[in-house]
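Student: Could you take me closely through one part of this model, the packing of its helix pairs, and then set beside it a few individual residues that deserve a look?

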Amino acid sequence: MIKFLVDSGSDYDVKEAEEKGIYFAPLSVTFGEETFQDGIELGRKEFYDRLVHQDQFPKTAQPSPETFLKFFNEAKENGDEVIGVCMSSEISGTYQSANIAKEMCEYDGIYLIDSLTAIYCVKMMVDFGIQLRDEGKTAKEIVEEITALKGKMNVILAVDTLDNLYKGGRLTKMEAGIGNLAKLKPIISIPEGKVIMLKKCIGRKKAMAGVIELFKQIDLDERFPVYAMYSYDVTNMETMIEKFAEQGIIIDKSYEIGPTIGTHVGAGSFGVVCVGKRNYE
């Protein structure tokens, strides 16, 4: 049996993961002196309620090697193979923790992939892997095909407030203050694992137009869905979906960004994830 493993940076829903037999390794989220397992002890509603209404800024931490080792030992005992797709090693140490556990387990049936992305791009990669498994592909063949998607995954996310980027150390207080006064809405992405700024837009309407403009530049791989995403408030995303529809672009599903990435992008963010036919140049 080939089993899959994700961390909570994939934003895979825990219930869906359980139904599909996917191992789920949660990152931890800490508010003050309280620490929760992302997706297990802390749901998205509670997380954003705390993020928006409390002064405490959360901290996230990768799963320990022991978390992964528990899954790997179970697979080893059952004779299963494991394909783990981890959030980008440029964003988190989760991939490193998984590799430490693999060495501790001493089992050749474990395959780990640094996705070089995060959130729902990872979900698409794993769902694709499950499809390939059900078609009869071997673990090595599945790993090759998922790996080929790296660099083709596209995240286009408009950030509604700069406060969280400042609190997370990605902007100075002055940069965040000036940006908020100017109603700056940066559009970010994660090409080749690193978070970059694609575009700086003034105001929400221009940010929505910017997301659509950037999306239309992608040569879509139509084997894969297009997902809309949001954090906390669906209003911005719903308006964006309407703007997409006006141009004949249909969004397959919408999902909420979880605590791991939500910590840094804050509430009110909106955007899309999709797969292109070519790697980033």
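Tutor: What follows takes the helix pairs in turn and then several single residues. This is a predicted model, in which local features need pLDDT of at least 70 and side-chain atom pairs count only at pLDDT 80 or more, while totals for chains, interfaces and linings use all residues. Residues are numbered from 1 along each chain as its sequence is written, and side-chain values use heavy atoms, with hydrogens and water left out.

Helices here are DSSP runs of H or I with at least four residues, strands are runs of E with at least two, and both are numbered from the N terminus. Helix α3, residues 65-78, packs against helix α4, residues 94-105, at an angle of about 45 degrees, and their axes are 8 Å apart. Such axes are lines fitted to C-alpha atoms, for helices over the stretch in contact, and the angles run from 0 to 180 degrees between N-to-C directions. The pair α3 and α4 is therefore oblique, given that angles under 35 degrees count as roughly parallel, over 145 as roughly antiparallel, 65 to 115 as roughly perpendicular and the rest as oblique. The crossing of α3 past α4 is right-handed, a term used if the near helix is turned clockwise from the far one by less than a right angle, with anticlockwise giving left-handed. On the α3 side the contact (heavy atoms within 4.5 Å) is made by P65, E66, F68, L69, F72, N73 and K76, and on the α4 side by T94, S97, A98, I100, A101, K102, M104 and C105. Between α3 and α4, the contact residues comprise nine nonpolar, three polar and three charged, where Ala, Val, Leu, Ile, Met, Phe, Trp, Tyr, Cys and Pro are nonpolar, Asp, Glu, Lys and Arg are charged, and the others, Gly among them, are polar.

The other pair to consider is helix α9, residues 204-216, with helix α10, residues 235-246, which pack at an angle of about 50 degrees with axes 10 Å apart. The helices α9 and α10 are therefore oblique to each other, and α9 passes α10 in a right-handed crossing. From α9 the contact draws on R204, M208, V211, I212 and F215, and from α10 on N236, T239, M240, K243 and F244. These residues of the contact of α9 with α10 divide into six nonpolar, two polar and two charged.

Turning to single residues, most residues other than glycine have a negative phi. D11, although not a glycine, has a positive phi of about 65 degrees; D11 is placed in the loop between β1 (2-7) and α1 (14-19). With a relative accessible area of 2%, D11 is buried, where buried means under 20%, exposed over 50% and partly exposed in between (1.4 Å probe, protein chains only). L116, likewise not a glycine, has a positive phi of about 60 degrees and is found in the loop between β7 (110-114) and α5 (120-134); at a relative accessible area of 25%, L116 is partly exposed.

K194 is placed in the loop between β9 (184-189) and β10 (196-202), and at 49% relative accessibility it counts as partly exposed. The C-alpha atoms of K194 and I91 are separated by 6.9 Å, although these residues are 103 residues apart along the chain. Leaving aside its neighbours within four places in sequence, K194 is in contact with E90 and S189.
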